[in-house]
Amino acid sequence: MEERTFNTAGPQIPADNYTIDPLSRFDLDDILMLIRQKRYFVLHAPRQTGKTSCLLALRDYLNKEGKYLAVYANVEGGQALRNKVKSVVGTVVDTISRELRIIVGNNSYNCIQEEAKKMESGAVVAEYLTQLSMAIDKPLVLLFDEIDSLVGDSLVSVLRQLRSGYANRPAAFPQSVILCGVRDVRDYRIVLSNQDIVTGGSAFNIKAKSLRLGNFSKEEIHDLFMQHTHETGQEFDEDCFPIIWSATEGQPWLVNAIGLEVTSNMCENRDRSVRITPDMVERAIENIIYRRDTHIDILINILKEDRVRRVIQPMLANSYNASDYLIPSDDILYAEEVGLIMRERGKPRRISNNIYRQIILSELKPAQVS
Ligand SMILES: Nc1ncnc2c1ncn2[C@@H]1O[C@H](COP(=O)(O)OP(=O)(O)O)[C@@H](O)[C@H]1O
Ligand SMILES: [Mg+2]
């Protein structure tokens, strides 16, 4: 068997990647209760935290358990279509349909997809979910991923369609829907094509709860690296772990990026008899910052947004307490939801981890603060 590795590209495949059990990363009992209670709710976290890995594991858990039919649908395909509502809702239906075929292993529900898409009104998603819920013999649980890749009229249309059938669940609409994305739906400020602004909270006022997926704990980081040690024999000096912690504070992609860099991109360490030392980890971190993988690149793009600068620049100048009242609270919430800053009760805001801090410092020089 091929050695497993640290994963830095997309959702986890436990057979190929060292993995923290995704179902242990949230309160599974809480989620199962919400599903039992027929709730529609939100799971959100910054990019590359493990949302998709968690949803896929939850889907498989539910389908194995057998009380519900759980379908995962990633709606990012609607992103490029922006305000073209009819195309977006069509894509959403196609995506659910395709995923459903994979789960049930046949085409038996295809006619529902075709019938729904013939509809003249835009309510194709609601129609499809109604017909589908009635046709299957178990309550449907729908896991919608990357919901915030939809924008404007299309997003509002999908949210309203989910609301429109809500009263008919579970016989004629999904028992439970989980909307997954970076931001909490409540916080969306959706600009329609007629320039009206709708809040996510009003378009989707049936939401019961928002759960946020957190970062890895120190123990989880250790556990992940020990999987490598157990499977390859390669050891890590214990002094590596405080460095990995302060560099990442448990951000899952960053943690894996260090693991991959230090055990396989750094050629000299592919020899598993080499013991990994703190200075090797430091070098791995420098390489990651320098190389600017997509994760880092997107971070840099986010830093170009005015609403982010308004929050970050005073922090660099160390003046966040004095000027706090000048910073719109929506901006602070945004910076937190995208994972740039952390807030803990009773403590000043801070940049989420040392890697982000270094990147921010090189992108936004404190000198730029007027
Ligand atoms: N359960 C896990 N165990 C170990 N690493 C994980 C786990 N879940 C996520 N990761 C890390 O996070 C990255 C992104 O995972 P993904 O599920 O695609 O997150 P998201 O959907 O939040 O962007 C993975 O490539 C991996 O580096
Ligand atoms: Mg994802």
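Colleague: Which residues come nearest to ligand 1 in this predicted model?

Modeller: Of the 22 residues around ligand 1, those that come nearest are Asn7, Gly10, Ile20, Lys51 and Ser53.

Colleague: What makes the approach of Asn7 to ligand 1 a polar contact?

Modeller: A polar contact needs a pair of N or O atoms within 3.5 Å, and a backbone N or O atom of Asn7 lies 2.6 Å from an oxygen atom of ligand 1, so the pair qualifies. For a backbone N or O atom of Gln48 the distance to a ligand 1 oxygen is 2.9 Å, and for one of Pro11 it is 3.4 Å. Taken alone, ligand 1 exposes 560 Å², of which the protein buries 95%. The elements that give two or more residues to the shell around ligand 1 are α2 and α10 (252-265).

Colleague: How do you know that the length of α2 agrees with its number of residues?

Modeller: Helix α2 (residues 51-65) has 15 residues, which at 1.5 Å a residue should span 21 Å, and its end C-alpha atoms are 21 Å apart, so the two values agree. Just after α2, Gly66 takes a positive phi of about 90 degrees.

Colleague: Why is Cys54 called buried?

Modeller: Buried means under 20% relative accessible area, and Cys54 has 0%, so the word applies. The buried residues of α2, among them Cys54, pack against elements including α1 (28-36), β1 (40-44) and β4 (176-181).

Colleague: Why do Cys54 and Cys180 not form a disulfide?

Modeller: A disulfide requires cysteine sulfur atoms within 2.5 Å, whereas the sulfur of Cys54 is 8.4 Å from that of Cys180, its closest cysteine sulfur, and therefore too far for a bond. The structure holds zero disulfides.

Key: Residues numbered from 1 in each chain as written. Chains lettered and ligands numbered in written order. Predicted model: local features only at pLDDT ≥ 70, side-chain atom pairs only at ≥ 80, totals over all residues. Heavy atoms only, no water. Buried < 20%, exposed > 50% of the residue type's maximum accessible area, 1.4 Å probe, protein only. Helix = DSSP H or I, 4+ residues; strand = E, 2+ residues; numbered from the N terminus. Expected span 1.5 Å × (residues − 1). Contact = heavy atoms within 4.5 Å. Near = heavy atom within 4 Å. Polar contact = N/O pair within 3.5 Å; in protein donor to acceptor, adjacent residues only side chain to side chain. Areas by Shrake-Rupley, 256 points an atom, 1.4 Å probe, with all protein chains shown as cover.
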